[in-house]
Amino acid sequence: MAYYAVAYQKDAPAVFELMTAAEVDAHKLRFCPYWQSTPWKTDFDAMAIKTVIHKLAKRLPLAVELSQQVAREEAMDLGNAPVVAHSELLEDEQDAGAEG
């Protein structure tokens, strides 16, 4: 069994990513050692598809907002705190200053 993702680009060739089930399982074990209490245990196929899409996305030109969202999701998958962009911190500080 294998999982794949394809991105069709307007002015460039399609980009293809393929991972075997064994490769996805190795990724799971490497990056999610506590996988028994995560969707990796209950929804392996969905997590495998997400993993292949994330791997493919790293090879595509992305909008800043989308790349930040991918980074946040990867951090959450690893059990880390979400990555917050500097501009988001500034907005939060400005909102707090306006309230006070």
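## Briefing: a nonpolar patch, a pocket and three salt bridges

Tyr-8 is a good place to start: this residue is exposed, with a relative accessible area of 70%. The model you are looking at is predicted. In that model, Tyr-8 sits in the loop between β1 and β2, and the residue belongs to a nonpolar surface patch. Below is a friendly tour of the fold, the patch, the salt bridges and the largest pocket.

**Overall layout**

- The protein contains five helices and two strands.
- Reading from the N terminus, the order of the elements is β-β-α-α-α-α-α, so β1 and β2 precede the helices, given that elements are numbered from the N terminus.
- Of the 100 residues in the protein, 22% are buried.

**The nonpolar surface patch**

- Tyr-8 is joined in the patch by Tyr-4, Val-6, Phe-16 and Leu-18.
- Together these five residues offer about 590 Å² of accessible area.
- Both strands contribute here: β1, spanning 2-7, and β2, spanning 15-20, each supply at least two residues of the patch.
- Tyr-8 itself comes from the loop between those strands, and with a relative accessible area of 70% it passes the 50% cut-off, which means that it counts as exposed.

**Salt bridges around Glu-17**

- A search of the whole structure turns up three salt bridges, and Glu-17, Lys-55 and Arg-59 are linked in a network of them.
- Glu-17 pairs with Lys-55, where the closest N and O atoms are 3.5 Å apart.
- Because Glu-17 lies in strand β2 and Lys-55 in helix α3, this pair ties together parts that are 38 residues apart in sequence.
- Glu-17 also pairs with Arg-59, with the closest N and O atoms 2.5 Å apart.
- Arg-59 lies in the loop between α3 and α4 while Glu-17 is in strand β2, so this second pair ties together parts that are 42 residues apart in sequence.
- How accessible are the residues of this network? Glu-17 counts as buried at 8% relative accessibility, whereas Lys-55 is partly exposed at 37% and Arg-59 is partly exposed at 47%.

**The salt bridge within α1**

- Lys-28 forms a salt bridge with Asp-25, and their closest N and O atoms are 2.7 Å apart.
- These residues are three apart in helix α1, so about one helical turn separates them.
- Buried or exposed? Lys-28 is buried, with a relative accessible area of 6%.
- Asp-25, its partner, is partly exposed, with a relative accessible area of 28%.

**The largest pocket**

- The largest pocket holds about 350 Å³ of space.
- Its lining consists of 15 residues, and His-27, Phe-31, Thr-51, Lys-58 and Glu-74 lie nearest the centre.
- Which helices each supply at least two residues of this lining? They are α1 (21-31), α3 (44-57) and α4 (64-77).
- Among the contributors, α3 gives the most, with five residues.
- What is the chemical make-up of the lining? By class, the lining has seven charged, five nonpolar and three polar residues.

**Where the topics meet**

- Helix α3 carries Lys-55, the partner of Glu-17, and α3 also gives the most to the lining of the largest pocket.
- Helix α1 holds the pair formed by Lys-28 and Asp-25, and α1 supplies at least two residues of the pocket lining as well.
- Strand β2 holds Glu-17 and also supplies at least two residues of the nonpolar patch.

Definitions and conventions:
Residues are numbered from 1 along each chain as its sequence is written. This is a predicted model: local features need pLDDT of at least 70, side-chain atom pairs count only at pLDDT 80 or more; totals for chains, interfaces and linings use all residues. Side-chain values use heavy atoms; hydrogens and water are left out. On a 1 Å grid over the protein atoms alone, a cavity is a set of points where a 1.4 Å probe fits but cannot get out, and a pocket is an open set with protein on both sides within 12 Å along at least five of seven lines; lining residues have an atom within 4 Å of a point. Grid points are joined across faces, edges and corners, and a volume is the space filled by probe spheres set on the points. Helices (H or I, at least four residues) and strands (E, at least two) are DSSP runs, numbered from the N terminus. Ala, Val, Leu, Ile, Met, Phe, Trp, Tyr, Cys and Pro count as nonpolar, Asp, Glu, Lys and Arg as charged, and the others, Gly among them, as polar. Patches are made of residues with over 30% relative accessible area and no salt bridge: like charges are joined within 9 Å, nonpolar side chains (Val, Leu, Ile, Met, Phe, Trp, Tyr) within 5 Å. Accessible areas come from the Shrake-Rupley method with a 1.4 Å probe; for residues, only the protein chains shown count as cover. A salt bridge is a side-chain nitrogen of Lys or Arg within 4 Å of a carboxyl oxygen of Asp or Glu. Buried means under 20% relative accessible area, exposed over 50%, partly exposed in between (1.4 Å probe, protein chains only).
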